[in-house]
Amino acid sequence: MSINLKHYKEILLMRKAELEKILYNLSNEINDINRCEIKDEGDFAAASMDSGRDYQIFLAQKKELEEINEALKKIDEGTYGICEMCDEPIQEERLKIKPYAKYCIICREYIEKEGKKHK
Ligand SMILES: [Zn+2]
């Protein structure tokens with residue numbers, strides 16, 4: 001395999017540590033909000049509107065962390081950098097931008113197009 005696995009593993013581990021720190025801080029903030037006394041639905045809506053943006057970030061970061069963990073597992077299993085859909089190697093240009101990419105550019109575009117069609 002031509003891609004430098006050690007290099008990508010380092011990038012993934014670094015990003016993982018970063019995300020875990022962010023998630024830890026965000027979940028503390030979200031817990032603070034949840035601990036506030038919420039008496040009725042209206043209060044809850046107001047409280048969650050403030051925290052809504054944080055919560056969206058929290059979910060996005062959490063998803064990224066999961067994808068990074070999967071990518072790290074693939075490195076150990078020797079399947080890293082292989083498209084899950086067509087089994088072809090993922091372009092290195094793509095891995096540089098998104099080291100935890102699951103699909104090659106062609107499959108990714110196909111999935112996005114299909115996703116739009118179903119909406
Ligand atoms: Zn593919």
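This report describes the fold, the nonpolar core, the cavity and two loop residues of a predicted protein model.

## Overall architecture

The protein has 119 residues, of which 26% count as buried. Its secondary structure consists of 4 helices and 0 strands, and the order along the sequence is α-α-α-α.

The accessible surface amounts to about 8,700 Å², and carbon and sulfur atoms hold 54% of that area. Among contacts in the protein with a separation of 6 or more, 61% join residues that are 24 or more positions apart.

## The nonpolar core

In soluble globular proteins, nonpolar side chains tend to be buried together. Here, the largest nonpolar core contains 21 residues, and the members that touch the most other members are Leu 12, Ile 68, Tyr 80 and Leu 95. Helices α1 (5-35) and α2 (41-77) each contribute at least two residues to this core. The core lies between domain 1 (1-80) and domain 2 (81-119), because both domains give residues to it.

Leu 12 illustrates how this core is connected. Apart from neighbours within four places in sequence, Leu 12 is in contact with Ile 68, Ala 71, Leu 72, Ile 75, Tyr 80, Pro 99 and Tyr 100. Two of the core members named above, Ile 68 and Tyr 80, are thus among the contacts of Leu 12.

## The cavity

Rolling a probe the size of a water molecule over the atoms shows where empty space is left. The structure holds 1 cavity of 30 Å³ or more, and the volume of the largest cavity is about 60 Å³.

The lining of the largest cavity includes Glu 67, Glu 70, Ala 71, Lys 74 and Tyr 80. Further lining residues are Gly 81, Ile 82, Ile 90, Pro 99, Tyr 100, Ala 101 and Lys 102. Among these, Ala 71, Tyr 80, Pro 99 and Tyr 100 are also in contact with Leu 12.

## The loop between α2 and α3

Glu 84 is located in the loop between α2 and α3. With a relative accessibility of 41%, Glu 84 counts as partly exposed. Leaving aside neighbours within four places in sequence, the contacts of Glu 84 are Glu 70, Lys 74, Lys 102 and Tyr 103. Although Glu 84 and Lys 102 are 18 residues apart along the chain, their C-alpha atoms are separated by 5.9 Å. Glu 70, Lys 74 and Lys 102 also belong to the lining of the largest cavity.

Asp 87 lies in the loop between α2 and α3 (92-97) as well. Its phi angle is near 65°, a positive value in a residue other than glycine. Asp 87 is exposed, with a relative accessible area of 59%.

Note on methods. Residues numbered from 1 in each chain as written. Predicted model: local features only at pLDDT ≥ 70, side-chain atom pairs only at ≥ 80, totals over all residues. Heavy atoms only, no water. Core = buried A, V, L, I, M, F, W, Y, C linked by side-chain atoms within 4.5 Å. Buried < 20%, exposed > 50% of the residue type's maximum accessible area, 1.4 Å probe, protein only. Domains from an automatic or database assignment. Contact = heavy atoms within 4.5 Å. Areas by Shrake-Rupley, 256 points an atom, 1.4 Å probe, with all protein chains shown as cover. 1 Å grid on protein atoms, 1.4 Å probe; cavity = no way out; pocket = protein on both sides within 12 Å on 5 of 7 lines; lining within 4 Å. Points joined across faces, edges and corners; volume = space filled by probe spheres on them.
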